[in-house]
Amino acid sequence: MRARQLPARYIYGMDEREEQRRRWADDARERFSALYERFPGWEVGRPQPAIVALHEAGDIGERVLDAGCGTGENALFMAAHGHQVWGIDIVDAAIGAAAEKARQRGLPAARFLVADALALDRLGLSFDTVVDSGLLHAMTDAEQRLYLGQVRAVLGPGGSFYALCYSEHQPGASGPRRVRESELEALFASGWSGLTIVETRFVVSFSDREAAAYLVGARRCP
Ligand SMILES: C[S@@+](CC[C@H](N)C(=O)[O-])C[C@H]1O[C@@H](n2cnc3c(N)ncnc32)[C@H](O)[C@@H]1O
């Protein structure tokens with residue numbers, strides 16, 4: 001029997017996309033590992049008020065993924081308030097610190113894993129809600145498009161996604177990119193419903209102690 005051959009174009013296409021994803025993941029790991037060793041301005045030792053407000057409004061489902069969870073304060077807050085949470089991050093040291101906090105605080109409902117947010121489909125898990133505090137704004141346009149496809153892959157139909165990101169209203173240029181409302185509208189234009197973009201604050205550990213932010217929310221279309 002002759003082996004069935006796939007067209008070379010198809011094979012190369014898959015390889016190239018995987019190569020690209022690996023380059024992006026390696027770059028993020030390198031950049032963020034260096035930041036964790038110096039001064040992670042997002043490390044505030046408590047959950048972001050915008051995430052706390054989501055929980056209080058009943059907007060977070062039972063099974064939650066915290067994508068780019070860092071050392072886990074948001075994930076640990078959600079686990080302490082009745083949610084089953086997986087936190088994933090590309091940096092080993094961040095995940096090690098988050099897992100240690102979960103152990104010390106006696107929170108088995110918070111589980112942590114080193115993983116790439118651009119390859120969420122490999123987790124083999126599905127969630128009611130995906131929460132992102134400070135990851136979307138760390139990505140380029142092309143990474144954001146791949147990431148949103150991956151968020152969709154782990155959300156059940158009607159599942160919700162919330163991302164807290166620096167907004168165009170934050171002055172200056174240091175720190176992450178400022179995300180524009182029009183960029184968010186374009187990013188969520190297809191495959192999502194019920195888009196909400198709310199002006200809020202991102203608490204940080206330097207200068208003014210908070211930055212102008214958007215909390216973007218949307219539901220996965222079936
Ligand atoms: C601004 S920090 C926010 C950390 C945490 N969510 C918080 O609010 O404290 C962004 C996080 O995303 C992680 N990250 C960046 N690229 C990633 C990727 N491709 N996959 C998973 N995590 C990633 C970084 O290592 C970092 O911990």
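This passage describes the central sheet of a predicted model, the helices that accompany the sheet, and the surroundings of the ligand.

The sheet is open and consists of seven strands, which follow one another in the order β3-β2-β1-β4-β5-β7-β6 with mixed pairing. Because β3 (110-114) and β6 (192-203) stand at the edges and each has a single partner strand, one side of each is left without a neighbour in the sheet. From one strand to the next, the twist averages 20°. In general terms, the strands of a sheet pair through backbone hydrogen bonds, and they may do so in either a parallel or an antiparallel sense.

Both senses of pairing are found here, as the sheet is mixed. Strand β1, which spans residues 63-67, runs parallel to β2 and is joined to that strand by five bridges, and within this pair the bridge partner of Leu65 is Trp86 in β2. Helix α2 (residues 49-56) packs on the sheet, where the helix touches β4, β5, β6 and β7, and its direction makes about 150° with that of β5. Helix α4 (residues 92-105) also packs on the sheet, but touches β2 and β3, and the direction of this helix makes about 165° with that of β3.

Strand β5, formed by residues 155-166, is mostly covered, since nine of its twelve residues are buried. Strand β4 (residues 127-133) runs parallel to β5 and is joined to β5 by six bridges; in this pairing, Asp132 has Ala163 of β5 as its bridge partner. Between these two strands the chain passes through helix α5 (residues 141-154), and the resulting β-α-β crossover from β4 to β5 is right-handed. Strand β5 also pairs with β7 (residues 210-220), in this case in the antiparallel sense and over seven bridges, with Ala213 of β7 as the bridge partner of Tyr166.

The ligand is surrounded by 22 residues, of which Phe32, Gly68, Gly70, Ala117 and Gly134 are the closest. When the residues of this shell are grouped by class, 13 are nonpolar, six are polar and three are charged. Three elements, namely α1 (8-37), α3 (73-80) and β2 (84-89), each supply at least two residues of the shell, and the largest share, three residues, comes from α1. Strand β2 thus appears in both parts of this description, as a contributor to the shell around the ligand and as the parallel partner of β1 in the sheet.

Conventions
Residues numbered from 1 in each chain as written. Predicted model: local features only at pLDDT ≥ 70, side-chain atom pairs only at ≥ 80, totals over all residues. Near = placed C-beta within 6 Å. Helix = DSSP H or I, 4+ residues; strand = E, 2+ residues; numbered from the N terminus. Nonpolar A, V, L, I, M, F, W, Y, C, P; charged D, E, K, R; others polar. Buried ≥ 20, exposed ≤ 12 C-beta atoms within 10 Å, placed from the backbone. Pairing = 2+ DSSP bridges. Right-handed = clockwise from strand over helix to strand, strands pointing away. Axes fitted to C-alpha atoms, helices over the stretch in contact; angles between N-to-C directions. Contact = placed C-beta atoms within 7 Å.
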